Amino acid sequence: MIEPFLSALPVLQKLADSGYEAYFVGGSVRDFLLGKPISDVDIATSATPDEVKKVFSKTVDIGIEHGTILVLYRNSSYEITTFRTESEYQDYRRPKEVSFIRNLKDDLKRRDFTMNAIAMDQSGNLIDPFEGQKAIQEKIIKTVGQAEERFQEDALRMMRAVRFISQLSFSIESQTLLALENLAPLLGKIAVERKRAELEKLLIGPNCKEAINILLNTGLYRYLPGLDNQKEQLKKLFRLNWNSLTKNEMWALVLYCINLKGKEIELFLRNWKLALKDIREIQQVIFFLESRLKKDWEPYDLYLAKRDIIVSVEKLFQVINGTSEARIIDDLVKSYDRLPIKERGDLGVTGNDLLAWFNQEAGPWLKDSLLSIERAIVEGKVLNEKNKIKEWLMECNQK
Ligand code: ATP
Ligand code: MG
């Protein structure tokens, strides 16, 4: 067994000591079998949430109605979920009732794909009633049970299927694919936040282009906000090549392809319910990308954009141009680092200095003067020193 399972073993042991079954399940077991880096380990147990809370001293109720308790143990946290079944789904998205059960196999049966329905016990033995290991070997995404039935229970699973195509470069089993085509409209019932979480993972996956191809071919894209009539525009992505773009860079690349402008960009991102901080960042990236597509960086652009945006914009510029030159990005960052000031607060003069020098009432001229000083300093036309700035201003006023 390897980390992070080893560190989590005592958690399974404690549950076992109290007479409960407990296993590693879900993505961590799948990724372990794939030899991929393992994110957080999920644990499934026969103990009910209340019983889990009695076994561990530090717990947080994060989804107790679904049976999930967060356990804090030796500086790590683990999500422990009680074995459960879900019955009578409503609205294609939520089970009417979650029942806690004591049987592992029934818990595995309610999971989405066979590759995600494998459990591992404390000794590393695998419990794999749905041939998940075979699916992993064959690189196949296949629902546990009838695909149509499983997608009707929870239509988000359709989006998860496509996200796994991107993340794992697996292909999709034929019945599962057929069900995506037949049931795509059900995705319209799913909350945008849940779709966003899957789409963002899809966008940063190594096999993103194939996943988008499947979104387009199955018609799933029609049920994604703002993308429903963008099939042709999204196909532009197929002509581009990228690796290691961040989530927000990918949003910007999508927006570049679908060619939204100004307020439409904000509206699109708000419809996806992105955090305001991300919306602002993506807007900035697109703004400077448009400028970059017209002309090279100038010092004042670097100053306005700042380091992180410069890097994102130049990465995207290279993707769009079909080039890849890390050195150019490094050089731009160096140029940015060498700028004499990084923000207005670094200016060697204040509005009060100007008021005193010119003996004039405050007015729009003040802001204009500060702006031209700022720009002149960034462009190296004047040193950022009070006397030099004063001299420069006096000269300008004589012209
Ligand atoms: P990741 O590596 O991105 O975390 P994951 O497979 O662990 O992938 P999670 O969302 O963390 O995905 O879910 C953990 C496990 O819970 C899944 O592996 C799967 O067994 C089950 N699961 C998650 N969402 C669903 C769903 N909508 N329907 C059925 N089972 C699900
Ligand atoms: Mg997970």
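User: What separates the centres of domain 2 and domain 3, and how do you know?

Analyst: Happy to help! The centres, taken over C-alpha atoms, are 27 Å apart, with bounds from an automatic or database domain assignment. The contact between them takes 14 residues from domain 2 and 17 residues from domain 3, where contact means heavy atoms within 4.5 Å. A word on the source: this is a predicted model, in which local features need pLDDT of at least 70, side-chain atom pairs count only at pLDDT 80 or more, and totals for chains, interfaces and linings use all residues. Residues are numbered from 1 along each chain as its sequence is written, and side-chain values use heavy atoms, without hydrogens and water.

User: Where do the domains lie along the chain?

Analyst: Domain 1 covers 1-135, domain 2 139-224, domain 3 232-338 and domain 4 344-398.

User: What makes the radius of gyration differ from that of a compact globule?

Analyst: The rule is 2.2 Å times the number of residues to the power 0.38, with the radius taken over C-alpha atoms. For 399 residues that gives near 21 Å, but the protein has 28 Å, so it does not match the compact globule. The C-alpha trace spans about 90 × 50 × 40 Å along its principal axes.

User: Why are residues called buried, and what percentage of the protein counts as such?

Analyst: Buried means under 20% relative accessible area, with a 1.4 Å probe and protein chains only. By that cut-off, 47% of the 399 residues count as buried.

User: How many helices and strands are there?

Analyst: There are 20 helices and eleven strands, taken as DSSP runs (helices H or I, at least four residues; strands E, at least two).

Definitions and conventions. Chains lettered and ligands numbered in written order. Buried < 20%, exposed > 50% of the residue type's maximum accessible area, 1.4 Å probe, protein only.
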